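Q: Could you take me through one metal site here, slowly and closely? After that, I would like to see how the chain that holds it sits among its partners.

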4 protein chains.
Amino acid sequence: MSLTQLAVAATDQDTPSPRDRLRGRLEQTRALSADLARPLSDEDQVVQAMDDASPTKWHLAHTTWFFEAFVLSQFLPGYVRFDERFEYCFNSYYESVGPRHPRPFRGLLTRPSGDDVRAYRAHVDGALETLFAHDLPDEALNLIELGINHEQQHQELLLTDILSLFASQPLKPAYREDATGAPAGAVAPLAFTAFEGGIFEVGHAGAGFSYDNEGPRHEQLIRPFKLANRCVTNAEWIAFIEDGGYETASLWLADGWSLINAEGWRAPLYFEPAEGGYGQMSLRGFRPVDPAAPVTHVSYFEADAFARWAGYRLPSEFEWERASTGLAERGKTLGAGHLRPRPAPDGPGLTQMFGDVWEWTGSAYLPYPGYKPAPGAVGEYNGKFMCNQFVLKGGSCATPDGHVRRTYRNFFYPHQRWQFTGLRLAADA
Amino acid sequence: MSLTQLAVAATDQDTPSPRDRLRGRLEQTRALSADLARPLSDEDQVVQAMDDASPTKWHLAHTTWFFEAFVLSQFLPGYVRFDERFEYCFNSYYESVGPRHPRPFRGLLTRPSGDDVRAYRAHVDGALETLFAHDLPDEALNLIELGINHEQQHQELLLTDILSLFASQPLKPAYREDATGAPAGAVAPLAFTAFEGGIFEVGHAGAGFSYDNEGPRHEQLIRPFKLANRCVTNAEWIAFIEDGGYETASLWLADGWSLINAEGWRAPLYFEPAEGGYGQMSLRGFRPVDPAAPVTHVSYFEADAFARWAGYRLPSEFEWERASTGLAERGKTLGAGHLRPRPAPDGPGLTQMFGDVWEWTGSAYLPYPGYKPAPGAVGEYNGKFMCNQFVLKGGSCATPDGHVRRTYRNFFYPHQRWQFTGLRLAADA
Amino acid sequence: MSLTQLAVAATDQDTPSPRDRLRGRLEQTRALSADLARPLSDEDQVVQAMDDASPTKWHLAHTTWFFEAFVLSQFLPGYVRFDERFEYCFNSYYESVGPRHPRPFRGLLTRPSGDDVRAYRAHVDGALETLFAHDLPDEALNLIELGINHEQQHQELLLTDILSLFASQPLKPAYREDATGAPAGAVAPLAFTAFEGGIFEVGHAGAGFSYDNEGPRHEQLIRPFKLANRCVTNAEWIAFIEDGGYETASLWLADGWSLINAEGWRAPLYFEPAEGGYGQMSLRGFRPVDPAAPVTHVSYFEADAFARWAGYRLPSEFEWERASTGLAERGKTLGAGHLRPRPAPDGPGLTQMFGDVWEWTGSAYLPYPGYKPAPGAVGEYNGKFMCNQFVLKGGSCATPDGHVRRTYRNFFYPHQRWQFTGLRLAADA
Amino acid sequence: MSLTQLAVAATDQDTPSPRDRLRGRLEQTRALSADLARPLSDEDQVVQAMDDASPTKWHLAHTTWFFEAFVLSQFLPGYVRFDERFEYCFNSYYESVGPRHPRPFRGLLTRPSGDDVRAYRAHVDGALETLFAHDLPDEALNLIELGINHEQQHQELLLTDILSLFASQPLKPAYREDATGAPAGAVAPLAFTAFEGGIFEVGHAGAGFSYDNEGPRHEQLIRPFKLANRCVTNAEWIAFIEDGGYETASLWLADGWSLINAEGWRAPLYFEPAEGGYGQMSLRGFRPVDPAAPVTHVSYFEADAFARWAGYRLPSEFEWERASTGLAERGKTLGAGHLRPRPAPDGPGLTQMFGDVWEWTGSAYLPYPGYKPAPGAVGEYNGKFMCNQFVLKGGSCATPDGHVRRTYRNFFYPHQRWQFTGLRLAADA
Ligand SMILES: [Fe+3]
Ligand SMILES: [Fe+3]
Ligand SMILES: [Fe+3]
Ligand SMILES: [Fe+3]
């Protein structure tokens, strides 16, 4: 099954009842994880390249444990765990569930084996199927919905984490071979759309799924602003490099300046000099940098410095949300099969808002007014990370289809850049 | 001259012209720095207890260098620097000025000596006096005003930094002996004042001095809220400790939980078990903790966890600013001579808003809409720190009189707690 | 082929000519590496548990590269390397050969895959077979001999490294299941054999293989001494623990005392409290500690402290060598198939001198008088490590048969203990 | 009193009885410490530049505490300690005495003040004077002798530690101004003296003082060797630098190669490029490197690499001891007043054996056969450091007169170089 087919499958919504739709999406989501792991050997799946990243096998098992711990053990009478010891191995950060294998050592788990984990998945998939034979309270359905979304997040991480592993290897393997041709040259010229100010409602409301951090829906006072039609490109970024951007202290936040000098950063992550310019490691292997494509693998510090250099700023999360109103929540996400950001199509209005790259905003990741985490262990999902991180919007080329949403608040630390992170310029109007 | 007298002097405002008033305040500020250093030996003044803190001598020299670098060398024709090499020694973080002695090594500077630095101060004081014999453009006057405020900030740091040094010593010396008697027992009971929501103007405007980060003045949408009449007390904090606050993961931000476990934090900084409860190192030496006094030396992580435990939250910087409207910008600051936070007086309304302890807010330290740093090196004063820090309001027992202001935005990292930092509870109304 | 059969094979010496014998030993050694890896999955073989240890796959490839780099590329005309990029991947520390993949990141190499490395081994094995069709100069034969011994060293490391990996895992897997029954209770009582002093020749001489660090043979002045009949046992070690050995500063070298307190060491590596005493992770899984078996996985610091506690000292390397004179160079090494140290047999004289555990000596690892490293890259084999390490003698339960030798000088840093390291007591006579 | 006069005083030996001689040496030693501190301000005396170094004030107090803890409190009836809390502050590493202020934080002790410590010294000096009014058992006299030698060691450290502090300062102050003129150009050409092999007695014996680590006297088998007439000079070292010595891996021990690359070492400590070559920070301030003077501030790793480059090796401690037999134990030590190593005088035989620079040997610092530490706390003086260090011989320009001795075994870690450490070449004969 190709990634494109998967994308179709994952967003297929012809099934009649909400409950059946949920069941279908559950199956598709579970299947997609297995598909994403398929190009990888068991060796590839077990190793952890850095503390921030997790092994593929761990993602496969952890998302499975999530259903076991929060759904099956609570709602499927007589459910027998596949292996009691897996809770210790595959709980990520749920303090209220109990002790865990420490995150930096996830890559040591050669046991349980890849086969064991695949059997674990089958065991849980079977139990979930059995579960749907029962009447299910809303709480169970909601937790299944959460489990689907949770697994989708890990699908994206699976890809960015395997990229971090492959990029660390001398042989620079490709996750998928590159079928596409030479880089496309053309890109839409930079242009800005202006938006009026006022009081606007932001945050999630209504029937569909959202994480707790997207609400409560509330009013925000937004000032007139303008937003770029597309993301910043590699060509623009290289101009920043060549203009001495990484050597000019006045462009940088103090912590960013310390960081790039301590680490020797002089380009986005995975950039390396190559014939005639730069190459960048990608899920397609080490490839020439496409000048027209959005820059990716930049930290908040770099995005912020670039915007200052360019005479602009990053948008706030609310400006971004407002500007996206009326746009379809759809773009070059995982199902498009590119596995890397693509040049903006020509045309009027805002492009690339969804998909391609996560766009750094200038908004600190903080609770919305009246925010309360969900009760119980799943309340640890979002709220406890609301410190020292910044909000990103819009989804990337590795985000599963159907997992992008106007109100979605992704968040990372300002120094992190192994995700598909880029930026879009904004300014006061 | 006692601290109380100094306080009077520092706020004395009978001088006729603005220029003369500025000159008077300059003299008083420069004199206060010397007074604050007086109880300290040259040995005390040279040592650095930790990277975040600086030696007294360094503060004395750096504030002097600030006038030399930004005022005298520009506006006093023929000004001869006291020693060209001091710029390297005493520039703090102005990248555009040039290279600096690294911050963690400020405590190695036994040379220039204390006498040299006092002579340096005299040299610059003399030159500043000479400067006032000339016509001075507004830019010069503004930079002098900035230099005064800059020196006031360092006066507070001088005190918190010497406390960090003395607390690190086995002999636990007092900066000033304790003339006061036993801890006062009584404190006003906790009560809340409710405030209506709406659109309010926040940020600095008007004639008086402010830092660039206090503006531009702009509108904020504030929701109905209520704010505690006083700061959280030591007694309340000890109840939090005794209720297992430091052992309950669900109360903490994830980064805070990691930190307190890695560092073994189980109480505010400088707390130690003592007969019948806790003692805490202070500028008055190691003293029994006063149950009625505001808790101090707590990090943002601790303040946030405490508020969650108590069923409240921290106020936003805008809520705080709004609530303080109409209150005199005055309280138990440095001039009150206590050198530590004091119990809230009984009475109606909000107390302790200014002075006693800096109050953590839940607001990330970010630029206000339309914020632009000042041009030139002084533009490095505030803007480049707008990342990963939180705003504190109100001033402390170590803040020089006249240096507190409703719109003042102090900022520290969420793990830092060597300042006089405390908290005040808030809630949605 | 069982380990016991392998042991027979590896020491089989019926083959006629030295050249044929060498060829046979080469084949057997190459086969043994593959056999040792066989119980492990590809996942097990790729992961690195700590900087000191290397993945199984890396050992398999590195020992192969050694033949390619130092034998085939020099002596087999027209030899084509399997993959030019492997030199970067699998060179360990030969500076003169060129840059290398950094040691702490050996565990990131999911590519080349396990299959690739097995193919690499087959390619080189084939080329070595071809090589033997040619006339070979002594230099080539000597390098093949060195390659065999090199691979034997890595066979031992393969086992100790996989143990470090399995010990780090929550599921505590066994490399081989335990076929043996309950711990044997009895052990020979501690007794000492006295040796006269005098001038003795030490170091290697004669026809057989030795590493360069075993020579030149030279005279040493040895004082009268006595040496224990067997190694220190777990029972004796537990008495040391229970007597407060790990809490008594006066028993320890200063650096050791710092280390055990910084790291919290209170027992040998892999010891954990278990029902009725201690268990220890082993190649047979987590097993009860056998009181009669030699203690193992102790550092030099611990061995030295134990000896002081016991009223003895460690022997020098020369005392050990002298005492071993006349004993067969044979014991419970890898071929015995125990995979862990076994209790000393009853009987007269010195037992356990070869096999079971490497015995720490009090001798710093330094060059013998007149020592000169071999010319060229293989000169980096030993000499450059002659600093801050201590000599160990005798071989362990994981040392390949035929790889123990009276003059063998193994060496590790005094803090290291993931090898099968133990001790034997000595004293002045 | 000049350093030269002090030197005379410190070696003055006309006093009649051994007890009176001891008393006189005690007074002179105590006076010398005060003299050495005199050029330093209290600020200079309180700061610690690095973990290995201690503040002057700490040296002054610690050497005083040594007499209080090991002599006065035991042998002077009714002795009252100056301040009970000083034991915590100024105990260095005597575990059996009790807990201590951690070594890396010695520089935080602004209290007790310099005045307090001087009063402490006077108090203890007075008590020692009183002590001599009593009959004293040999044990007391031996401990006083140990206390004198202990204080002499700290005198040398006081100087090397203040140099490390001054070298860390931008103003590069001189401990003493340089009265001497330009560097002397000439130096004796390198020549070697040959020594026969045989069995020789080494280690201390007889009536005079020695540390416990210098015994027991015992026989060593020494092979024929030759030893250079003088130390390696700066000119020779610069040739090593210019020949790429610091860039040639094959010259270095593996740990040394890692170290110099991690730290960026490309010259001896304190070397900096200066007009026409190199300058080096010294107790005389930053001065041009004298080509004829012995190189100093080199680590064992560097000394070992240089010797390899030059085609020689370092001598063993026993070779050095043997070669020095018959030479007066006297040279350009502290009393000579140079405060830095001086060019070798022309002439026959071995020069610079005592004084100028400590000479690295290739001998690991290990116990002599039969070594037993002294009983009690002073047994911690030497023995517990016998691991991972190397022996140095001969004393330096900062060693107090009378503190050099043929059998003296100084020891430092192979990476340390803030002492006056150099080298002399040796070879097999
Ligand atoms: Fe998760
Ligand atoms: Fe400043
Ligand atoms: Fe090797
Ligand atoms: Fe000492």
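A: Happy to. The iron ion (ligand 3) has three protein donors, the NE2 atoms of C:His62, C:His150 and C:His154, lying 2.2 Å from it. Donors here are N, O and S atoms within 2.8 Å of the metal (3.2 Å for Na, K and Ca), and since water is not among the atoms, sites may look incomplete. This is a predicted model in which local features need pLDDT of at least 70 and side-chain atom pairs count only at pLDDT 80 or more, while totals for chains, interfaces and linings use all residues; side-chain values use heavy atoms, with hydrogens and water left out. Residues are numbered from 1 along each chain as its sequence is written, and chains are lettered from A and ligands numbered from 1 in the order in which they are written.

Along the chain, the donors of this iron ion follow the spacing H-x87-H-x3-H. C:His62 belongs to helix H4 (residues 56–75) and C:His150 to helix H7 (residues 138–167) of chain C, so the pair ties together parts 88 residues apart in sequence. Helices (H or I, at least four residues) and strands (E, at least two) are DSSP runs, numbered from the N terminus. Both C:His62 and C:His150 are buried, a word used for under 20% relative accessible area, with exposed meaning over 50% and partly exposed in between (1.4 Å probe, protein chains only).

Now for the partner of chain C. A rotation of 180 degrees, with 0.0 Å of shift along its axis, superposes chain C on chain D at an RMSD of 0.0 Å, by least squares on the C-alpha atoms of residues with pLDDT of at least 70 in both. The two copies are thus related as by a two-fold rotation axis. C:Asn388 has the C-alpha nearest that axis in chain C, 2.3 Å from it. Both copies use the same surface: 100% of the contact residues of chain C recur in chain D, where contact means heavy atoms within 4.5 Å.

At this interface, 29 residues of chain C are in contact with 29 residues of chain D. The area buried between them is about 2,200 Å², and carbon and sulfur atoms give 59% of that; buried area is the accessible area (1.4 Å probe) that two parts lose on being put together, summed over both. Between chain C and chain D the count is 0 salt bridges, a salt bridge being a side-chain nitrogen of Lys or Arg within 4 Å of a carboxyl oxygen of Asp or Glu. There are, though, 8 residue pairs in polar contact across the interface, both at pLDDT 80 or more. A polar contact is a pair of N or O atoms within 3.5 Å; within protein, one must be able to donate a hydrogen and the other to accept it, and residues adjacent in sequence count only if both atoms are side-chain atoms. On the side of chain C that touches chain D, two or more residues each come from strand S3 (218–222), helix H9 (254–263) and strand S8 (358–364) of chain C. S3(C) provides the largest share, 4 residues.

As for chain B, no contact joins it to chain C, and their closest C-alpha atoms lie 14 Å apart.
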